[in-house]
Protein chains: 2
Amino acid sequence: MTNSKPYVVGIDMGGTNTVFGIVDARGLVVASNSIKTRKHAKFEDYINELCTELNRLITDNNLVDKIYGIGVGAPNANYFTGMIEDGVNLPWPTPIPFAKMLSEKMGVPVAITNDANAAAIGEMTYGAARGLKDFIMITLGTGVGSGIIINGQLVYGHDGFAGELGHMIVKRNNGRLCACGRSGCLETYCSATGVARTAREYLELTDTPSLLRDIPSDEITSKDVYDAAVNGDKLANDVFTFTGTVLGEALADFTVFSAPEAFILFGGLAKAGDLLLKPVREAMEKNMLSIWKGKVKVILSELKEADAAVLGASALGWEAKPVATPEVIATPTAVEITK
Amino acid sequence: MTNSKPYVVGIDMGGTNTVFGIVDARGLVVASNSIKTRKHAKFEDYINELCTELNRLITDNNLVDKIYGIGVGAPNANYFTGMIEDGVNLPWPTPIPFAKMLSEKMGVPVAITNDANAAAIGEMTYGAARGLKDFIMITLGTGVGSGIIINGQLVYGHDGFAGELGHMIVKRNNGRLCACGRSGCLETYCSATGVARTAREYLELTDTPSLLRDIPSDEITSKDVYDAAVNGDKLANDVFTFTGTVLGEALADFTVFSAPEAFILFGGLAKAGDLLLKPVREAMEKNMLSIWKGKVKVILSELKEADAAVLGASALGWEAKPVATPEVIATPTAVEITK
């Protein structure tokens, strides 16, 4: 049986841009485009523009009736409910029944989840985790996110929100204040923001000469720290050693939970490569329970950064099921996917 | 189709005793017995005695050919390999191919896992976790063990050893030395041994009067601390508050991983009831990421203690599959289990 709908759509809804693309079963992004996420005061207007542009992209590429499903990565998106839940920095009132609205307008099944989960599914389908059944994706961006795969399946937990490893508390006393309202969360140390924060602390607390002293303290970014480190700056290198050590200690702790075969690092900070990987691996091994010493890999994502978010979301499109309500327009028959 | 083999056997191999029982599909222990684990210098002699006694129990109860499978809970037992792996306090050389040997001798499929995992499966099949698809069993005994259930399935991880939450590091600096060789593991604080250790520390570091000062310091047990606490001893109560707080903080951290519906506490220390539960729940809520505040239950096991280990192991017997080797004697046909 051949697949009469051999394409999926991936949508990555970010705080600034919403990027979307049509992806084939081998993970090739056939076509893509984007709109501004915050242009419209009403969510209805946003989703209408999104559907208009998406339909245009589909028509322009002669793929009408060839779309199997749509996968969406969005902040605080819940796979179980199809909703974008409360507590997220978007210009519209939440919760938003995103999956249902999009499915009704586009006439195909829609599945949504948060961006880190989408990245994990993308990595398993098209990236460094192909063939792995047990791994943990750690996304190192403005915050720290995670997508946990156990026995080939994404862990959603009881309520759809599992895998918030960025909010594991790694420093119980006098930890850094986190955006979540608590203190000492992993993401206050190991995100891009955390790296800049560490650099500012080191600059204040020491007299070590550093290229970073030429930059106004509150303007320092993780990219500045990276550039300085690559240029041999000792303080900047110390910042990466500290960051990697905290992350490596956390990875050793995560291992006792699900005994993954690998951790896959993704996101802006992962581009620091060995600067980060070396201390991560060292600290992880040093802190690892003996049965897992030398057995858990730490690798970088293999998804092309420009495509990664859309690819990750699109992979979820293969799993999308029709929403079980009378309003649903399309209920495509099950087809074999040749991946 | 009726089930022609409506019974399973559960075997709980402990460091001192090996308890085994025949269990029906509703979780009733029909008959049970035990042998000494350490009586024989050779493993072959141990397993021969075990099979002799087990066959006697089966025959005496007229259940020959009525046994569907055997489940075993044993230290360092690996579900994937069927082996008791290295690094365990038993009188025989490891690894031991326990599942294969037992299956060959008994003529029925055998599945093995560690005791905490067996307890989790038992709780899901017969106990407080009936109907729960996402929960974490925490066993508070001499050490701290755990069995993690996600989406109705036990988490074995890449290598079969997942769920070692007792070895999550909860105190990164100056933590207590753990039997695993590292420092600061949860089980150094929240096991029965940890409670006694905390009591000794409190007695040394303070002048607080306490009933426990009548007991030689190195003879204090968690039971002594419990008895003193129940009698209104302030120091003993402080020990339970501390223990519960450390455990509650850890449960909040575990929640970010798999978003469980409940934690189920099992084992000797869980018998402290509210003395432990109250500080556990308080600390968990205080440290919980806001999306899970007030949503995760902490409950005590409902398995009768005398039966729990055997019941837990027996539940695994329903999942046992014939070992895929030519030596296997029996390959029962698949039957419907009416549970």
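**Salt bridges**

I searched the whole structure, which is a predicted model, for salt bridges and found 22 of them over all chains. One that I looked up within chain A joins the side chains of A:Glu104 and A:Lys100, with 3.3 Å from N to O. I then checked where A:Glu104 and A:Lys100 sit, and both belong to helix α2 (residues 98-106) of chain A, where they are four residues apart, or about one turn of the helix.

I next turned to the interface of chain B and chain A, across which the rule finds four salt bridges. I noted the pair A:Arg172 and B:Glu249, whose closest N and O atoms are 3.5 Å apart, and this distance lies inside the 4 Å cut-off for a salt bridge.

**The interface of chains A and B**

For polar contacts I recorded 20 residue pairs between chain B and chain A, both residues of a pair being at pLDDT 80 or more. I asked which elements give two or more residues to the side of chain B that touches chain A, and found β7 (144-150) and α7 (234-258) of chain B. The largest share of that side, six residues, comes from α7(B). When I sorted the residues on the side of chain B that touches chain A by character, they divided into 19 nonpolar, seven polar and eight charged.

I also looked up the extent of the contact, which takes 34 residues from chain A and 34 residues from chain B. Between them, chain B and chain A bury about 3,300 Å², and 61% of this area is on carbon and sulfur atoms. Of the area that chain B buries against chain A, I noted that 24% is supplied by B:His158, B:Arg172 and B:Phe257, more than by any other three residues.

**The sheet in chain A**

I traced an open sheet of five strands in chain A, with the order β8-β7-β6-β9-β10 and mixed pairing. The edges are β8 (153-154) and β10 (297-300) of chain A, each of which has a single partner strand, so one side of each is left without a neighbour in the sheet. Strand β6 (residues 135-140) and strand β9 (residues 262-266) of chain A run parallel and are joined by five bridges, and I found A:Met137 opposite A:Ile264 in β9(A).

Two helices that I followed pack on this sheet. Helix α7 (residues 234-258) of chain A touches β6, β7 (144-150), β9 and β10 of chain A, and its direction makes about 150 degrees with that of β6(A). Helix α8 (residues 274-287) of chain A touches β6, β9 and β10 of chain A, and its direction makes about 165 degrees with that of β10(A).

Methods:
Residues are numbered from 1 along each chain as its sequence is written. Chains are lettered from A and ligands numbered from 1 in the order in which they are written. This is a predicted model: local features need pLDDT of at least 70, side-chain atom pairs count only at pLDDT 80 or more; totals for chains, interfaces and linings use all residues. Side-chain values use heavy atoms; hydrogens and water are left out. Contact means heavy atoms within 4.5 Å. Buried area is the accessible area (1.4 Å probe) that two parts lose on being put together, summed over both. A polar contact is a pair of N or O atoms within 3.5 Å; within protein, one must be able to donate a hydrogen and the other to accept it, and residues adjacent in sequence count only if both atoms are side-chain atoms. Ala, Val, Leu, Ile, Met, Phe, Trp, Tyr, Cys and Pro count as nonpolar, Asp, Glu, Lys and Arg as charged, and the others, Gly among them, as polar. Two strands pair if DSSP finds at least two bridges between them. Axes are lines fitted to C-alpha atoms, for helices over the stretch in contact, and angles run from 0 to 180 degrees between N-to-C directions.
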